[in-house]
Amino acid sequence: DVLNDLATYSRTTKLWVEIFIKPVLLLMKFTRSTHEGDFALTIQTAECMVPYFFAAGHHNYSRYGLFFVRSMAWLPEEVLDAFMKGESSMHHMDGVWNGVPTDQFLESTWIRKGKGPSGVIGNTQNQQVMATWVHSLSARLVLTSSLQKMGGKEEPVQMTHKEESKSRIKEDAEDRQSLKKTLQKCIDPMDPATHQDGGLFNIQNGQLAHPDVNADRALLFGQLKMGNFEASWPAGFY
């Protein structure tokens with residue numbers, strides 16, 4: 001509410017709130033939701049992200065992102081129950097705050113191992129080899145995992161995240177200080193009282209934008225495009 005209130009007094013503040021601060025907060029929420037397996041937060045955050053895809057002209061993210069959000073309402077009850085219990089995220093090892101989306105998990109497990117040494121690369125034109133690879137991959141990976149467990153090579157339980165390490169905390173603090181020093185040399189975009197006529201300007205040199213520039217309305221345009229696109233779907237589509 002504080003940010004939205006400030007944004008009403010200046011186009012520059014509105015630009016920073018809607019096109020910088022809010023997207024960063026959405027990214028943080030989305031990361032949290034996938035790491036914690038919070039399915040409800042994942043969908044709620046993803047829906048808030050879709051208008052930005054439309055505003056930026058990222059057509060594939062726009063179309064399939066919107067379809068993804070809407071299709072989650074069609075899930076069978078048993079699947080939805082499992083997702084709400086945290087099974088929408090996958091884990092490489094036991095622990096907390098280390099869940100990853102299924103596509104990332106597959107890229108770093110089945111796909112990586114399947115395409116590694118003695119994998120499918122180099123054999124994609126051989127139909128028999130491809131068929132054998134497809135049908136045997138899951139069994140081979142399960143067998144490999146079982147052998148690793150028998151050999152005592154199980155991954156340890158991870159109760160902390162790498163972002164919590166002392167070195168990472170120190171680096172993040174240094175980055176924040178560096179960003180703070182840079183912004184202190186600029187006009188404060190979050191102080192509408194100092195903005196000339198509440199206009200849209202460059203915070204580094206104070207130059208006012210041309211009247212035709214409408215970057216501060218990008219989110220609104222994205223929301224309108226999303227609404228029009230969804231309205232074009234066939235009747236009874238969902």
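Start by selecting Phe54, Phe229 and Trp233: ring pairs link these residues into a cluster. Keep in mind as you look around that this is a predicted model.

Now zoom in on two members of that cluster. Phenylalanine 54 and phenylalanine 229 form a tilted aromatic pair, with 5.7 Å from centre to centre and 55° between the planes. Colour by helix and you will see that the pair links distant parts of the chain: phenylalanine 54 sits in helix H3 and phenylalanine 229 in helix H10 (residues 218-231), 175 residues apart. Switch on a surface next. Phenylalanine 54 is buried, at 9% relative accessibility, whereas phenylalanine 229 is partly exposed, at 26%.

Next, widen the selection to Phe39, Ile43, Ala46, Val50, Phe54, Leu66, Val69, Met72, Met226 and Trp233, the ten residues of the largest nonpolar core. Helix H3 (39-56) and helix H4 (59-71) each supply at least two of these residues, and the largest share, five residues, comes from H3.

Stay in the core and pick isoleucine 43. Setting aside neighbours within four places in sequence, isoleucine 43 is in contact with Phe68, Val69 and Met72.

For the last stop, turn to the aromatic rings once more; the whole structure holds six aromatic pairs. One of them joins phenylalanine 39 and phenylalanine 83, a tilted pair at 5.1 Å centre to centre with 55° between the planes. Phenylalanine 39 lies in helix H3 and phenylalanine 83 in helix H5 (residues 77-87), so this pair ties together parts 44 residues apart in sequence. Check the surface here too: phenylalanine 39 is buried, with a relative accessible area of 8%, while phenylalanine 83 is partly exposed at 22%.

How values were computed
Residues numbered from 1 in each chain as written. Predicted model: local features only at pLDDT ≥ 70, side-chain atom pairs only at ≥ 80, totals over all residues. Heavy atoms only, no water. Core = buried A, V, L, I, M, F, W, Y, C linked by side-chain atoms within 4.5 Å. Buried < 20%, exposed > 50% of the residue type's maximum accessible area, 1.4 Å probe, protein only. Helix = DSSP H or I, 4+ residues; strand = E, 2+ residues; numbered from the N terminus. Contact = heavy atoms within 4.5 Å. Phe/Tyr/Trp six-rings, centres within 6.5 Å; stacked < 30°, edge-to-face > 60°.
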